[in-house]
Amino acid sequence: MSKVFKDKNILIGISGCIAAYKSADLTSRLIKLGANVKIIMTANATKLVQPLTFQSLSANPVYFDTFQSTERWDIEHIALAKWADIFVIAPATANVIGKAASGIADDLLTTTILATEAKTLFAPAMNTVMYQKKVVQDNIAKLKRLGYDFIPPGKGRLACGDWGEGKLADIEVIIQHIEKHLNSSTKRDMEGLRVLVTAGPTCEPIDPVRFITNHSSGKMGYAIAEACIQRGAAVDLVTGPTNLQTPAGANVFPVESAKDMYQAVLKLYEMADIVFKSAAVADYHVKEVASSKIKKGQDSIKLELVRNPDILMELGKRKTKQVLVGFAAETEDLEKNALEKLKRKNLDFILANDVSSSESGFQSDENKGILFSKDGSITPIPLMAKKEFAHRIIDEVIKKVKSD
Ligand code: CTP
């Protein structure tokens, strides 16, 4: 569990969009992460989802626009505005965005937007045509200029049946943005550093419809990229195909094969201060890729495989200022193999982990391993969430960067 949410006061503003029900999941997830959550609903939002749902999930009263008691209203918007460490409007309708951009405060939600000094994030959700209207985009641009942040909507099928941009961002993405902001008030020890991260598997084509790949999910590399961004680094993420949301704020370079990854990484290498080479690169590619789909015929066929370049080895050879962190996915002789790779590839660190273990393998959300440094230090990292695990690796690497 990420500690960054623990005891943080998160105020969620819910406006009248059908995606309001998704905020129930957001509330529940934030509570599980240890945050205190309070909810403000607009009058329209209360028609879509019962306030009782949010009251039960947040274990707090829900604040909405009854206008029943002027006295209570006055106290509430200031008290909530001061209480919040962060204010997230999710979903944010075109109406709420428009009012906020014009400084209009005609209900509890918009008044609190005006009254708070907490970081305020908007997660818009609306029909594509509305979202793309110039007036809405101008309002968003104005709010961004004023220091408000936006969590861009996703694309897909909208409640009205249309396809396009305007779906409320995935809850996971909203949580990532909240985490980024909460973290930014804490450790910023990577400011000014440029980090290159590789993640995921590579895919080596056989023919136009088939390829050879491996079980890497990319979760470890993405967690490292996210953690570096939170700590203030500029991050280039070279990634093989994964099903993951790309971390907010990363410069993403999608690749398929080891050869593509080799080229992308070498282009970015010179600018990097630190390289985390967590991708599971295929060691071989198919010598002759068929230009059309291979039809079944003979009972057996042979594919000739040829060695791929070892990207990390090449980085080790060309190393100038960079701190190089390799990953050794092993199923046996963990320490021996990892130390041999550390030396052979001219690395500064290598993280060795046992990928045969179900609790910390490729697809798992958790990891455990041992970080070996070229200077001889050995740091065992016990089983924990990959995000926390990423921070533990970075803690060690940063010590070296700062001491050089
Ligand atoms: N690596 C790389 N390019 C390759 C193969 C591996 O950059 N063609 C990198 C990986 O990203 C990882 C490290 O080298 O950081 C170790 O990868 P691993 O697959 O464990 O080791 P290999 O050197 O391929 O050795 P082996 O497969 O024989 O264990």
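This passage describes the two largest pockets of a predicted model and its cysteines. Residues are numbered from 1 along each chain as its sequence is written. Because the model is predicted, local features need pLDDT of at least 70 and side-chain atom pairs count only at pLDDT 80 or more, while totals for chains, interfaces and linings use all residues, and side-chain values use heavy atoms, without hydrogens or water.

The largest pocket has a volume of about 870 Å³. A pocket is an open set of points on a 1 Å grid over the protein atoms alone, where a 1.4 Å probe fits, with protein on both sides within 12 Å along at least five of seven lines; lining residues have an atom within 4 Å of a point. The volume is the space filled by probe spheres set on the points, which are joined across faces, edges and corners. Of its 40 lining residues, Ala279, Ala280, Val281, Phe327 and Ala329 are the closest to the centre. The lining comprises 18 nonpolar, 13 polar and nine charged residues (Ala, Val, Leu, Ile, Met, Phe, Trp, Tyr, Cys and Pro count as nonpolar, Asp, Glu, Lys and Arg as charged, and the others, Gly among them, as polar).

The second largest pocket holds about 630 Å³ and is lined by 21 residues, with Glu172, Glu226, Asp365, Ala385 and Lys387 nearest its centre. Its lining has eight nonpolar, three polar and 10 charged residues. Because domain 1 (9-183) and domain 2 (187-403) both contribute to this lining, the pocket lies between them; the domain bounds come from an automatic or database assignment.

Cys203 is buried (under 20% relative accessible area, with a 1.4 Å probe and protein chains only), at 8%, and Cys228 is buried at 0%.

Conventions
Buried means under 20% relative accessible area, exposed over 50%, partly exposed in between (1.4 Å probe, protein chains only).
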